[in-house]
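Work through the exercises below with the sequence and the model side by side. Each task is followed by a solution in steps.

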Amino acid sequence: MKAIIAGIAAIIVVSAAAWYGLNQAGFSSQELNSGDNVRLD
Amino acid sequence: MRALLCLLFFCLALPLAAQETDAPPPDRSATGGAQTLEDIIARQRGEQIDDTFRRENVGDPDSAAGIASQLGTLGGASDPDLWRALRFNSADVSVSAGGDVAKVLVQDGGMGWYQFRQGPLATYGGYLLLGTIGLLVLFFLLRGRIRVDREKVGRTVTRFQFAERMAHWVLAGSFILLGFTGLFVKYGRDYIAPYLGKDFNAALLLASKFVHNNVAWAFMLALVVVFFMWVWHNIPNRTDLTWFAQAGGIVGSKHPPAKKFNAGQKIIFWSVILLGGSISMSGLSLLFPFEMPLFAKTFGILNNLGVPGLLGLADLPTALAPQEEMQLAQAWHAIVSFVLMAIIIAHIYIGSIGMEGAYDAMGSGEVDEAWAHQHHSIWLEEVKAKQKEASTAATPAE
């Protein structure tokens, strides 16, 4: 049971890190395809 | 994996093959070379027609009339010629932003992708999952739970260390989350919105997308860890043949000898690694739209290897619009995911209610020696030999 709980905790930690990292990297299509001439928000 | 590739080749290349084997094109002199009523009706019937008479009919700037002559300002291409060029993605389009993606103004492949997604993918994907569950229920009713034949001895042996179990549960937990959220996205509009409302469905799908995009990284990480952790134990060997010959002890009363993993578990392992790896690749391609095109290159390699020819098909297309790359990535992602989900459902069955004592291996990590002897006899002997060796070394000589 401990391994399951640790696994779930790891999923949460990795997912949160991915969410933070991806947003810091500006991965969204909105950010990637926006420019001086194109506004997508 | 090979079967899946063949299926995709078949789906993609069938239209091309059909075009090549079609009868000579009909006489279009009455329409001046434009499409005829027969062409339109054939298309409406869903038949594949050779469209080169339209695809290549996009004007001829080299023989344009002089600029002061009649129609000279059109530059050798009429408006219909221009629209055909846009339609078949051969027009010389300039855009100020958006790159190659924005240069595609008309992309009719989207309709085929949409129909595939709404039709065969949804139907056969659903049948596959429900059929797998149905077969397992039937199997359970016929075979019952696989019990430990001998009486349990009460002594346990460590089957999986904590790190192994944790990596397994990261992979398992993330896969279950990815599976459910993927199914919500696929079937939500058809099966959730009508009953629970569009607002609920929209909120669920938005949350699903968030979970899917982020939990995917835990899955990929665990996939790599599990690969390196267990690959050595999953290399096929001679004992696997005995396992297959005795149907793994699942049918009948024999219990074939096995090392740490038996042949059935090796199938699960390689399915997870190969299909999971393929899903991860296509998933990354979807997560970073238009930045990781996979299919044009893959098709080029397969064409060079002559794979489509072996299947009696024409070469696969290697000039794909960015949007087509995304459509293929999405279709592939979903097809392989359905197959892996079906395999994992069977794995969950045998690891829980299907076999007595199987859950303990991944739960506490400790299994009864009677269970270990029945299912992994060679591995048990190896473990006991190591234990004996360790205790001998620890005991000082008198």
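**Exercise 1. Place B:Ala346 and classify its exposure: which helix holds B:Ala346, and is B:Ala346 buried, partly exposed or exposed?**

Step 1. B:Ala346 sits in helix α13 of chain B. Helices here are DSSP runs of H or I with at least four residues, strands are E runs of at least two, and both are numbered from the N terminus.

Step 2. The model is predicted: local features need pLDDT of at least 70, side-chain atom pairs count only at pLDDT 80 or more, and totals for chains, interfaces and linings use all residues. Residues are numbered from 1 along each chain as its sequence is written, while chains are lettered from A and ligands numbered from 1 in the order in which they are written.

Step 3. B:Ala346 is partly exposed because it has 19 C-beta neighbours inside 10 Å. The scale is this: buried means 20 or more other C-beta atoms within 10 Å of the residue's own, exposed means 12 or fewer, and partly exposed lies in between, with C-beta atoms placed from the backbone.

Step 4. Leave aside neighbours within four places in sequence. B:Ala346 then contacts B:Thr132 and B:Leu136. Contact means C-beta atoms, placed from the backbone, within 7 Å.

Step 5. Now take B:Gly125. It lies 221 residues from B:Ala346 in sequence and 16 Å away in space, C-alpha to C-alpha.

**Exercise 2. Describe the packing of α6(B) and α13(B): at what angle do the axes cross?**

Step 1. Find the helices: α6 covers residues 109–143 of chain B and α13 covers residues 322–351.

Step 2. Their axes come within 10 Å and cross at roughly 5 degrees. Each axis is a line fitted to C-alpha atoms, for helices over the stretch in contact, and angles run from 0 to 180 degrees between N-to-C directions.

Step 3. α6(B) is therefore roughly parallel to α13(B). Under 35 degrees counts as roughly parallel, over 145 as roughly antiparallel, 65 to 115 as roughly perpendicular and the rest as oblique.

Step 4. List some of the residues in the contact. They include B:Trp113, B:Phe116 and B:Thr132 of α6(B), and B:Ile335, B:Phe338 and B:Ala346 of α13(B).

Step 5. Sort by class: 16 nonpolar, 6 polar and 1 charged. Ala, Val, Leu, Ile, Met, Phe, Trp, Tyr, Cys and Pro count as nonpolar, Asp, Glu, Lys and Arg as charged, and the others, Gly among them, as polar.

**Exercise 3. Trace the largest nonpolar core: which element gives the most residues?**

Step 1. The largest core has 40 residues. A nonpolar core is a set of buried Ala, Val, Leu, Ile, Met, Phe, Trp, Tyr and Cys residues joined through C-beta atoms within 7 Å.

Step 2. Two or more residues come from each of α1 of chain A and α7 (162–196), α8 (198–230), α11 (295–305) and α13 of chain B.

Step 3. α13(B) gives the most, with 13 residues.

Step 4. B:Ala222 and B:Ile335 are among the residues with the most contacts inside the core. Beyond four places in sequence, B:Ala222 contacts B:Ala167, B:Val170, B:Leu171 and B:Ser174.

**Exercise 4. Analyse the contact between chains A and B: how many residues does each chain contribute?**

Step 1. Chain A gives 18 residues and chain B gives 18.

Step 2. On chain A, α1 (2–25) and α2 (29–33) each supply at least two. α1(A) gives the most, with 11 residues.

Step 3. The chain A side divides into 12 nonpolar, 6 polar and no charged residues.

Notes: Contact = placed C-beta atoms within 7 Å.
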